[in-house]
Amino acid sequence: MATKKRSTASGRPSGSLASSSATVLWLGFAAIVILLDQVSKITISKAFTYGETLSITSFFNLTLAYNKGAAFSFLAAETGWQRYLFTAIGLLAAAYITYLLASHAGQKLFCTALSLIMGGALGNVIDRVMYGHVIDFLDFHYQEIYHFPAFNVADSAICLGAALFILDELRRVKK
């Protein structure tokens, strides 16, 4: 997954200054994802009441929904303990991703994927801490027969990051 860094005469890994500045850039990218996610959720929350729907196209609505669970409302009907579990998972994932970003700062596709995942995870953690649920509003459907579970910018970033992570691994395997 990563190449071994060479040490200089001082014993520090070569490129450690460049690596730390690259890490800050990756963390900044994650912060931009968080900002976009939170601004979109605040905007929708102020413009809509819970459950209100605005039809945009024949297959897409904006709908203010709350999710107390995880992806696809997994565990949403539980008594509230899941809020703390998913918050802890998000924070632990962010800590581990920060370590990976620092360790592999020069790997652009890998770090882009991790930054997207981290930004999305922390965007949803913020919701869980502030509101006790995640704010969702993107509602894709098929002729009002089937509605894909509503999601948000953070969820989109996590999915895109996961896809890029898989692409990075497939490219690495081919080498």
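What follows is a walk through the fold, the packing and the surface of this protein, taken from a predicted model.

Start with the overall layout. The protein is built from four helices and four strands, and going along the sequence these come in the pattern α-β-β-α-α-β-β-α. Of the 175 residues in the protein, 39% count as buried. As for how the chain meets itself, contacts with a separation of 6 or more are 63% made up of residues 24 or more positions apart.

The strands come together in an open sheet of four, ordered β1-β2-β3-β4 and paired antiparallel. At the edges sit β1 (53-55) and β4, each of which pairs on one side only. Further in, β2 (residues 60-67) and β3 (residues 134-142) run antiparallel to each other, and six bridges link the two. Across from Phe-60 in this part of the sheet is Phe-140, a residue of β3.

Now for the packing. The largest nonpolar core holds 14 residues, and the ones with the most contacts inside it are Trp-26, Ile-97, Leu-101, Cys-111, Leu-114, Met-118 and Leu-122. Three helices, α1 (16-47), α2 (81-103) and α3 (108-131), each put at least two residues into this core. The top contributor is α3, with five residues. A second core, nine residues in all, lies apart from that one and includes Ile-44, Phe-48, Phe-60 and Phe-137. Phe-60 thus turns up twice: as a member of this second core and as the residue opposite Phe-140 in the sheet.

Back in the largest core, Leu-101 gives a good close-up. Once its neighbours within four places in sequence are set aside, Leu-101 is in contact with Thr-23, Trp-26, Leu-27, Cys-111, Leu-114, Ser-115 and Met-118. Among these partners, Trp-26, Cys-111, Leu-114 and Met-118 are also on the list of residues with the most contacts inside the core.

The outside is worth a look too. The accessible surface of the protein adds up to about 10400 Å², and carbon and sulfur atoms account for 70% of that. In soluble globular proteins, nonpolar side chains tend to be buried together. Here, though, a nonpolar patch of about 660 Å² sits on the surface, formed by Phe-59, Phe-140, Tyr-142, Ile-145, Tyr-146 and Phe-148. Two of its members tie the patch to the sheet: Phe-140 is the β3 residue that faces Phe-60, while Tyr-146 belongs to strand β4 (residues 146-147), an edge strand of the sheet.

Technical notes. Residues are numbered from 1 along each chain as its sequence is written. This is a predicted model: local features need pLDDT of at least 70, side-chain atom pairs count only at pLDDT 80 or more; totals for chains, interfaces and linings use all residues. Side-chain values use heavy atoms; hydrogens and water are left out. Patches are made of residues with over 30% relative accessible area and no salt bridge: like charges are joined within 9 Å, nonpolar side chains (Val, Leu, Ile, Met, Phe, Trp, Tyr) within 5 Å. Accessible areas come from the Shrake-Rupley method with a 1.4 Å probe; for residues, only the protein chains shown count as cover. A salt bridge is a side-chain nitrogen of Lys or Arg within 4 Å of a carboxyl oxygen of Asp or Glu. Buried means under 20% relative accessible area, exposed over 50%, partly exposed in between (1.4 Å probe, protein chains only). Contact means heavy atoms within 4.5 Å. A nonpolar core is a set of buried Ala, Val, Leu, Ile, Met, Phe, Trp, Tyr and Cys residues joined through side-chain atoms within 4.5 Å. Two strands pair if DSSP finds at least two bridges between them.
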